[in-house]
Amino acid sequence: MTDRAEALHRFLERIPFVQTLGMRCDIKGDEMTAILPYRENLIGSVALQALHGGAIGSFLELCAMSQVFLDTALERPPQPINLTIDYLRSAKAEDLYARAQITKLGRRIANVRCEAWQADRAKPVAALPAHFMFAS
């Protein structure tokens, strides 16, 4: 594990909400995949057996923040300026995966796009375009 990957894992371990969600990151080479293991307490619609939109949105934001933290020399996590969550289809009562890509990295701001999927990566359940500011 690289120093940045270790720093990311240490950072995520200190965030109580990450622990509540049960989120973890799997880093292989230059790719990071965030994983939200299915838990019954993440269900938002009992009738549909669908994951709660707030859990999905939080997971996407944390995944995007983690990618910025991992790809930069930041000592602290970036601060969200704005973000939008596009819910594309219901997320079933299954594990959720996400990957983020930095679309533009400036001196003080990063533009990031993150997508979450379940069984088929080509069928995302949600997407997040976001802007993050680096603490000075």
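These questions and answers go through a few local features of a predicted model.

Student: What should I know about the numbering and the model?

Tutor: Residues are numbered from 1 along each chain as its sequence is written. In this predicted model, local features need pLDDT of at least 70, side-chain atom pairs count only at pLDDT 80 or more, and totals for chains, interfaces and linings use all residues, while side-chain values use heavy atoms and leave out hydrogens and water.

Student: Why is Thr-72 called buried?

Tutor: Its relative accessible area is 13%. Buried means under 20%, exposed over 50%, and partly exposed in between, with a 1.4 Å probe and protein chains only. So Thr-72 counts as buried. Thr-72 sits in the loop between α3 and β5. Helices (H or I, at least four residues) and strands (E, at least two) are DSSP runs, numbered from the N terminus.

Student: What makes the links from the Thr-72 side chain to Val-68 and Leu-74 polar contacts?

Tutor: A polar contact is a pair of N or O atoms within 3.5 Å; within protein, one must be able to donate a hydrogen and the other to accept it, and residues adjacent in sequence count only if both atoms are side-chain atoms. The Thr-72 side chain reaches the backbone oxygen of Val-68 at 2.8 Å. It reaches the backbone nitrogen of Leu-74 at 3.4 Å. Both distances therefore fit the cut-off.

Student: Which residues does Thr-72 touch beyond four places in sequence?

Tutor: Arg-4 and Leu-105. Contact means heavy atoms within 4.5 Å.

Student: How do you know that the buried residues of α1 share a side?

Tutor: In α1 (residues 3–13), Ala-5, Ala-7, Leu-8, Phe-11 and Leu-12 are buried. They cover an arc of only 160° around the axis, so they lie on the same side of α1. The arc is that of the directions from the helix axis to the C-beta atoms. On the other side, Asp-3 and Glu-13 are exposed.

Student: What do the buried residues of α1 pack against?

Tutor: They pack against α2 (16–21), β1 (24–28), β2 (31–36) and α3 (53–71).

Student: Why is Gln-79 called partly exposed?

Tutor: Its relative accessible area is 42%. That value falls between the buried and exposed limits, so Gln-79 is partly exposed. Gln-79 lies in strand β5 (residues 79–83). Leaving aside neighbours within four places in sequence, Gln-79 contacts His-131, Phe-132 and Met-133.

Student: How is Met-133 classed, buried or partly exposed?

Tutor: Met-133 is partly exposed, because its relative accessible area is 35%. Met-133 belongs to strand β9 (residues 126–133).
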